[in-house]
Amino acid sequence: MARGDHPMRTPAYGGLLIAVAMIGATVAVRRGSGWPGWVEPVIVVVAVVACLTGALLTLRDRTPPRRPGPRP
């Protein structure tokens with residue numbers, strides 16, 4: 001494993017991205033009345049994209065490891 005290439009780093013970043021997207025969408029919806037009308041939908045769409053990206057990052061490492069084949 002190379003330096004800085006920890007296998008559990010990607011799921012942690014994905015979970016953090018999901019949490020930030022959820023907090024951002026919550027703030028946008030709660031404080032949406034004082035902002036221009038286009039800001040809330042834009043923040044919610046960005047949050048949905050960030051949440052999907054975070055889910056892909058989190059679930060990317062869920063594939064079972066490949067077993068090494070027989071050595072000749």
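**Notebook: two helices and their faces**

I began with the far face of α1, where L16, V20, I23 and R30 are exposed, on the side opposite its buried residues. I note at the outset that the model is predicted.

**Entry 1: the other face of α1**

I then looked up which residues of α1 are buried, and found T10, P11, G14, A21 and A28. They lie on the same side of α1, because the arc they cover around the axis is only 115°. I asked what these buried residues of α1 pack against, and the partner is α2.

I also checked the length of α1. The helix has 22 residues, which should span 32 Å at 1.5 Å a residue, and its end C-alpha atoms are indeed 32 Å apart.

**Entry 2: the protein as a whole**

I recorded the overall content next: two helices and zero strands. The protein has 72 residues, of which 14% count as buried. About 6300 Å² is exposed, and carbon and sulfur atoms supply 66% of that area.

I looked at how contacts are distributed along the chain. Among contacts with a separation of 6 or more, 67% are between residues 24 or more positions apart.

**Entry 3: α2**

I turned to α2, which covers residues 39-59. Its 21 residues reach 30 Å from the first C-alpha to the last, close to the 30 Å expected at 1.5 Å a residue.

Which residues of α2 are buried? I found V39, A47, A50 and G54. These four are on the same side of α2, because they cover an arc of only 70° around the axis. I recall the general rule for this pattern: an α-helix has 3.6 residues a turn, so residues three or four places apart point the same way.

The buried residues of α2 pack against α1. On the other side of α2, I noted V45, L52, L56 and L59 as exposed.

**Entry 4: A50**

I selected A50, in helix α2, for a closer look. Is A50 buried or exposed? Its relative accessible area is 18%, and the cut-off for buried is under 20%, so A50 counts as buried.

I then listed the contacts of A50, leaving aside its neighbours within four places in sequence, and obtained L17 and A21. Of these, A21 is already in my notes as one of the buried residues of α1. I also took the C-alpha distance from A50 to A19: the two are 9.6 Å apart in space and 31 residues apart in sequence.

**Entry 5: three further positions in α2**

L52 is also in helix α2. I found a relative accessible area of 55% for L52; exposed means over 50%, so L52 is exposed. The C-alpha atoms of L52 and I18 are separated by 7.9 Å, although the two residues are 34 apart along the chain.

T53 is found in helix α2 as well. Because its relative accessibility is 35%, T53 counts as partly exposed. I recorded 9.9 Å from T53 to G15, C-alpha to C-alpha, across 38 residues in sequence.

E40 was the last position I examined in α2. Its relative accessible area is 29%, so E40 is partly exposed. How far apart in space are E40 and A28, C-alpha to C-alpha? I read 5.5 Å, with their positions 12 residues apart in sequence. A28 appears above among the buried residues of α1.

**Entry 6: the loop and a surface patch**

I looked up W35 and placed it in the loop between α1, residues 9-30, and α2. W35 is partly exposed, because its relative accessibility is 34%.

I then searched the surface for nonpolar patches and noted one formed by I23, V27 and W35. Together these residues have about 270 Å² of accessible area. I23 is the residue that links this entry to my opening one, where it was listed among the exposed residues of α1.

How values were computed:
Residues are numbered from 1 along each chain as its sequence is written. This is a predicted model: local features need pLDDT of at least 70, side-chain atom pairs count only at pLDDT 80 or more; totals for chains, interfaces and linings use all residues. Side-chain values use heavy atoms; hydrogens and water are left out. Buried means under 20% relative accessible area, exposed over 50%, partly exposed in between (1.4 Å probe, protein chains only). Contact means heavy atoms within 4.5 Å. Accessible areas come from the Shrake-Rupley method with a 1.4 Å probe; for residues, only the protein chains shown count as cover. Patches are made of residues with over 30% relative accessible area and no salt bridge: like charges are joined within 9 Å, nonpolar side chains (Val, Leu, Ile, Met, Phe, Trp, Tyr) within 5 Å. A salt bridge is a side-chain nitrogen of Lys or Arg within 4 Å of a carboxyl oxygen of Asp or Glu. The expected span of a helix is 1.5 Å times one less than its number of residues. The arc is that of the directions from the helix axis to the C-beta atoms.
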